[in-house]
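Biologist: Please take a close look at one ligand site and the open space around it. Give the cut-offs as you go.

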Amino acid sequence: MTTSAPGVELTAPLSDRYATVLTPEALDFIVKLQRAFNGRRKELLAARVTRQTRLDAGEKPDFLPETAEIRNAEWQVSPLPQDLLDRRVEITGPVDRKMIINALNSGAKVFMADFEDSTTPTWDNLLDGHINLRDAVRRTITFEDSKTGKSYKLIDNPAVLFVRARGWHLDEAHILVDGEPVSGSIFDFGLYVFHNAKELLARHTGPYFYLPKLESHLEARLWNDAFVLAETLLDIPQGSIKATVLIETILATFEMDEILYELRDHSAGLNCGRWDYIFSFIKKFAGDKTLLFPDRGQVTMATHFMRSYSKLAIKTCHRRGVSAMGGMSAFIPIKSDPIANERALAQVRIDKEREATDGHDGTWVAHPGLVPVALAVFDRIMPQPNQIDKQLPDLKITAADLLKVPEGTLTDAGLRLNVAVGLGYLEAWLRGIGCVPLFNLMEDAATAEISRAQLWQWVHHHAHLEDGRRVTAELVDQVITEELALAEIRIDAARFESYKHAAFLMRELVKAPHFQDFLTVPAYARVLASEIFISIR
Ligand SMILES: CC(=O)SCCNC(=O)CCNC(=O)[C@H](O)C(C)(C)COP(=O)(O)OP(=O)(O)OC[C@H]1O[C@@H](n2cnc3c(N)ncnc32)[C@H](O)[C@@H]1OP(=O)(O)O
Ligand SMILES: O=CC(=O)O
């Protein structure tokens, strides 16, 4: 569908309802950002490829000599807004209407509405999500659950809202500008900020964002420049947009000071995105057979490299006057089994205690049932709003600490779990559901990436399981076939179709001669090609 804007085309239907958010003015705003920044985005994505070639040749990352001056100098990020001083518990979740209300009402200080790893970016999910957020910002959001008959509305003092936009690598294929898809980041950020920035500022809060999967401070600079242009176009004060960057790639961890520096007028600190971080470590060194990771379940926050990264994030943020947010424990409440449930909650408690004691200023939870658990820990260990004044001048973290591969075992159970999680997650994703409970754990794109990355790594480096068997493509293939057979008994025919698509994709990803950067990229292409989701409403 061509639009009234020259060079702009929509490849999906725009219902009257969707046209209330994707207005000509909003589209024009997105197009301006796209034309201003897409060239640099593509250069930065190309720079990722060049860097990967060097890593494949054996180069190891280190703190950058050319930015030593920024690391060594004393400077501070602009003061945090009042409503971001206390972020002790943040709940995250997809942009589903009922979940937005539940999350905002959950008792958490912050809700991060996620267009990224817990959302399949279908046209419906995206535009419904923006409608939901527009209504949430204006506190008019309500929901009637037709299944239960329950009505939902916001409480008087809901959580502060953040939005996680998609990463720089993802395209939004439903809008073409000058023949090219719009950047997913620009679409998510642009549409939200366009409709809500002024309204949020009038309500004494602001347009707050989480920025995922950055690999360098130059990518942070691009975000900062997008913020500056958006503030100019919208005529809102410079510095009123705030963003927390997820440190969730092994490369970004070497540039934390520099990332904060680039965003110093717009920064709301850093967050340890632990799952993507583990994935990124495996991916960036996929070519190195000496860096094999053990079973996913053994790669915890207690391992040396993960603890080192989390402590370095705390030290860096506190020195610059901003929050260092902790991450997401994947344990979720288990309704069907009180004993297993208590075990899961205990795991969450241990994780949050470690974070609060180390100096994090808050943490993430995946489910409203975990808000009181995390709150109790942070209230006890951090009675004040944050612990930014906890400075760690004597903490020394080296490149060797950050690059120390965790020890452990590779087991048959670990392999089977990786297959089951990869298939189960992809199956849901292809049906438009970006976050699911599997085997009593929260699974989203980041956690599923670890599973499929491990399978690739183990196959390509001929890893041995502890029972002595070698992991081969044939073995993984066989386990996929076994999982498919089990699924066929368990689920209905329509879902089984989706499972078969998932299995096809998994096989492609695991057998690919070169590690595929993100599973969501081929999965998105598959969804677009089969038009599973572009259903006319
Ligand atoms: C690594 C990362 O990137 S982390 C960030 C991305 N991941 C996330 O955001 C996780 C979000 N969490 C979720 O999607 C869900 O909690 C899941 C999929 C893990 C579990 O879902 P379910 O098993 O369906 O949850 P469950 O049935 O226990 O839900 C109970 C209630 O809590 C609500 N709920 C569950 N999780 C959330 C949430 N994160 N936010 C708001 N409400 C939630 C449900 O809507 C349901 O509400 P209702 O009782 O009013 O109907
Ligand atoms: O985005 C969060 C993560 O843990 O990955």
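Modeller: I start with ligand 2, where an oxygen atom is 2.7 Å from a backbone N or O atom of Asp276. The model is a predicted one, in which local features need pLDDT of at least 70 and side-chain atom pairs pLDDT 80 or more, while totals for chains, interfaces and linings use all residues. Residues are numbered from 1 along each chain as its sequence is written, chains are lettered from A and ligands numbered from 1 in written order, and side-chain values use heavy atoms, without hydrogens and water.

The contact of Asp276 is a polar contact (a pair of N or O atoms within 3.5 Å; within protein, one must be able to donate a hydrogen and the other to accept it, and sequence neighbours count only if both atoms are side-chain atoms). Trp275 also uses its backbone, with an N or O atom 2.8 Å from an oxygen atom of ligand 2. Arg164 uses its side chain instead, a polar atom of which lies 2.9 Å from an oxygen atom of the ligand. The surroundings of ligand 2 are made up of Arg164, Glu248, Gly273, Arg274, Trp275, Asp276, Trp364 and Ala446, taking a residue as near if one of its heavy atoms lies within 4 Å.

Trp275 leads on to the second largest pocket, as one of the residues closest to the pocket centre, together with Gly297, Thr300, Phe331 and Gln347. A pocket is an open set of points on a 1 Å grid over the protein atoms alone, with protein on both sides within 12 Å along at least five of seven lines; a cavity is a set where a 1.4 Å probe fits but cannot get out, and lining residues have an atom within 4 Å of a point. The volume of this pocket is about 630 Å³, counted as the space filled by probe spheres set on points joined across faces, edges and corners.

The pocket has 30 lining residues, of which 16 are nonpolar, 8 polar and 6 charged. Here Ala, Val, Leu, Ile, Met, Phe, Trp, Tyr, Cys and Pro count as nonpolar, Asp, Glu, Lys and Arg as charged, and the others, including Gly, as polar. At least two lining residues come from each of α8 (274-284), α10 (338-358) and α13 (412-430), and α10 gives the largest share, with 7. Helices (H or I, at least four residues) and strands (E, at least two) are DSSP runs numbered from the N terminus. Domain 1 (8-57 + 66-401) and domain 2 (409-530) each contribute at least three residues to the lining, with bounds taken from an automatic or database domain assignment.

The records add two spans. An unreviewed UniProt entry lists "domain: Malate synthase TIM barrel" at residues 160-404, and "domain: Malate synthase C-terminal" is placed at 411-526, also in an unreviewed entry; positions follow the numbering used here, feature names are shortened, and annotations may be inferred rather than shown by experiment. Residues 160-404 are 44% helix and 17% strand, with end C-alpha atoms 37 Å apart. Residues 411-526 are 68% helix and 5% strand, and there the end C-alpha atoms lie 31 Å apart.

Closed space is a separate matter. There are 4 cavities of 30 Å³ or more, and the largest holds about 90 Å³. Among its 13 lining residues, Glu116, Asp117, Leu170, Ala445 and Thr520 are the closest to its centre. That lining has 5 nonpolar, 3 polar and 5 charged residues, with at least three drawn from each of domain 1 and domain 2.
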